[in-house]
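Colleague: I'm new to this one. Could you walk me through how you get from the values to the words you use for it?

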Amino acid sequence: MTPAIDFFVSGLPKPSGSKRGFYIPKLKRVIITDANPNAKDWKTDVRHAALEAYSGPPLDCPLAVTFTFYMPRPKGHFRTGKRASELRDNAPEFPTGKPDVLKLARGVEDALTAIIYRDDSLITSEHLYKRYAIGTPGVQISILEK
């Protein structure tokens, strides 16, 4: 496999994937909206970073993707006082709370469509990770042609 693209998007990753449909009688049609309206800004950030990192035509072949999401640690994981920069002994190693990693990935997949690849249906293997950020929160994106 040849590396196609690898880049980091800084910011707080937002989940996507769940959709809601509303029937609008005046329009006589259903409007589909994302269940998380805050995901729109995150998807825009991902799109901008993708446009900076990749300038070729959208890929149109089987792809392997890896998304590593770096989430900020809650303040409660840290000590106080002079040792405020140190983690407490009972601070968990991995973020196991919401949002779930699959919904985080759906938002990134959608944002990369038509920029990095023609359609997210081209993804044939996917590795997803959710970790605590040591520095800046965000997502590391790696896409390989198969």
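Modeller: Sure, we'll start with a pair of helices and then turn to salt bridges. Keep in mind that this is a predicted model.

Colleague: Why are α1 and α2 called oblique to each other?

Modeller: The axes of α1 (residues 39–53) and α2 (residues 101–112) cross at roughly 50 degrees. Angles under 35 degrees count as roughly parallel, and roughly perpendicular runs from 65 to 115. Roughly 50 degrees fits neither, so the two helices are oblique. As for handedness, α1 passes α2 in a right-handed crossing.

Colleague: What makes you say that α1 and α2 meet, and which residues are involved?

Modeller: The two axes come within 9 Å. Contact itself takes heavy atoms within 4.5 Å. On the α1 side the contact has Trp42, Lys43, Val46, Arg47 and Ala50, and on the α2 side Gly107, Val108, Asp110, Ala111 and Leu112. Sorted by class, that contact has six nonpolar, one polar and three charged residues.

Colleague: Why is the pair Asp110 and Lys43 called a salt bridge?

Modeller: The cut-off is 4 Å between the side-chain nitrogen and a carboxyl oxygen. For Asp110 and Lys43 the N to O distance is 3.9 Å, so the pair counts as a salt bridge. Asp110 lies in α2 and Lys43 in α1, so the bridge ties together parts that are 67 residues apart in sequence.

Colleague: How do you know whether Lys43 and Asp110 are buried or exposed?

Modeller: Buried means under 20% relative accessible area, and exposed means over 50%. Lys43 has 10%, so Lys43 is buried. Asp110 has 31%, which falls in between, so Asp110 is partly exposed.

Colleague: How many salt bridges are there by this rule?

Modeller: The count comes to six. Two of them involve Arg79: one with Glu86 at 3.7 Å and one with Asp89 at 2.9 Å. Both distances are within 4 Å, so both pairs qualify. Asp89 and Arg79 are ten residues apart, in the loop between β4 (63–71) and α2.

Colleague: What makes that a network, and which residues does the network join?

Modeller: Salt bridges that share partners join Arg79, Arg83, Glu86 and Asp89 into one network.

Colleague: Why is Asp89 called exposed, while Glu86 and Arg79 are called partly exposed?

Modeller: Asp89 has a relative accessible area of 74%, which is over 50%, so Asp89 is exposed. Glu86 at 34% and Arg79 at 23% fall between 20% and 50%, so each counts as partly exposed.

Notes. Residues are numbered from 1 along each chain as its sequence is written. This is a predicted model: local features need pLDDT of at least 70, side-chain atom pairs count only at pLDDT 80 or more; totals for chains, interfaces and linings use all residues. Side-chain values use heavy atoms; hydrogens and water are left out. Axes are lines fitted to C-alpha atoms, for helices over the stretch in contact, and angles run from 0 to 180 degrees between N-to-C directions. Helices (H or I, at least four residues) and strands (E, at least two) are DSSP runs, numbered from the N terminus. Angles under 35 degrees count as roughly parallel, over 145 as roughly antiparallel, 65 to 115 as roughly perpendicular and the rest as oblique. A crossing is left-handed if the near helix is turned anticlockwise from the far one by less than a right angle, and right-handed if clockwise. Ala, Val, Leu, Ile, Met, Phe, Trp, Tyr, Cys and Pro count as nonpolar, Asp, Glu, Lys and Arg as charged, and the others, Gly among them, as polar. Buried means under 20% relative accessible area, exposed over 50%, partly exposed in between (1.4 Å probe, protein chains only).
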